[in-house]
Amino acid sequence: MFIQIDMHSSVPIYKQLKTAIISSILSGKLKEGDRLPSVRQLGSDLGINLHTVNKAYNLLKDEGYIIIHRNQGAIISKPTKAGKEDLTEFANALLPIVIEIRARNITRTQFDELMDVIWEQDMIGGDNDEHR
């Protein structure tokens, strides 16, 4: 599994790791039933703290992307569809970004074009032609 972490990013490492794993699931690089490296192994491979990896894994588990078994470790699962609570959470996360975009006089058309580019792009590993 190839994950890149930007140690100079303002995005916390655990969020980068979580996003990288979800992106790998979305792109098909990781499939249901695949095993993730142990917390210790991934922390060592990436040169990050074990607690950081553990935090990312626990968030992924809470959101249904992985199942954690004592003997088998973290295994990719099929996430459930987003419900009303999830949509509210996404809206709350997007609100500050949309406010800043509007404050900078970015038009709705420019915003829509930006969203189209992001939607069609695998932000972790480059373009994702499989899902276009």
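Q: What makes the side chain of Ser 77 and the backbone oxygen of Gly 64 a polar contact?
A: The Ser 77 side chain comes to 2.7 Å from that oxygen. A polar contact is a pair of N or O atoms within 3.5 Å; within protein, one must be able to donate a hydrogen and the other to accept it, and residues adjacent in sequence count only if both atoms are side-chain atoms. At 2.7 Å, the pair therefore meets the distance limit. The model is predicted: local features need pLDDT of at least 70, side-chain atom pairs 80 or more, while totals for chains, interfaces and linings use all residues. Numbering starts from 1 along each chain as its sequence is written, and side-chain values use heavy atoms, without hydrogens and water.

Q: Is Ser 77 buried or exposed, and how do you know?
A: Its relative accessibility is 10%. Buried means under 20% relative accessible area, exposed over 50%, and partly exposed in between (1.4 Å probe, protein chains only). Ser 77 therefore counts as buried. Ser 77 lies in the loop between E2 and helix H4 (84–103). Helices (H or I, at least four residues) and strands (E, at least two) are DSSP runs, numbered from the N terminus.

Q: Why does Ile 76 count as buried?
A: Because its relative accessibility is 3%. Ile 76 belongs to strand E2. Its C-alpha is 6.4 Å from that of Lys 31, though 45 residues separate them along the chain.

Q: How do you know that E1 and E2 pair?
A: Pairing takes at least two bridges found by DSSP. Strand E1 (residues 66–69) and strand E2 (residues 73–76) are joined by 4, so they pair. The two run antiparallel. One bridge links Ile 68 with Ala 74. With 3 residues between them, E1 and E2 form a hairpin.

Q: What is Pro 37 called at 21% relative accessibility, and why?
A: Pro 37 is partly exposed, because 21% falls between the buried and exposed limits. Pro 37 sits in the loop between helix H1 (13–27) and helix H2 (39–46). Its C-alpha lies 7.4 Å from that of Ala 74, 37 residues away in sequence.

Q: What makes the 20 residues a nonpolar core?
A: Members are buried Ala, Val, Leu, Ile, Met, Phe, Trp, Tyr or Cys residues joined through side-chain atoms within 4.5 Å. In the largest such core, Ile 3, Leu 17, Ile 21, Leu 36, Tyr 57 and Ile 66 touch the most other members. H1, H2, helix H3 (50–62) and E2 each supply at least two residues of this core. H1 gives the most, with 5 residues.

Q: Why is the charged end of Lys 55 said to sit over the ring of Tyr 14?
A: The term requires NZ of Lys or CZ of Arg within 6 Å of the ring centre and within 35 degrees of the ring normal. The charged end of Lys 55 is 4.0 Å from the Tyr 14 ring centre, so the distance limit is met.

Q: Why is Asn 105 called exposed?
A: Because its relative accessible area is 66%. Asn 105 lies in the loop between H4 and helix H5 (108–119). Its phi is positive, about 60°, although Asn 105 is not a glycine. Most residues other than glycine have a negative phi.

Q: Which domains divide the protein chain, and how do you know their bounds?
A: They are domain 1 (13–76) and domain 2 (87–120). The bounds come from an automatic or database domain assignment. The C-alpha centres of the two domains lie 28 Å apart.
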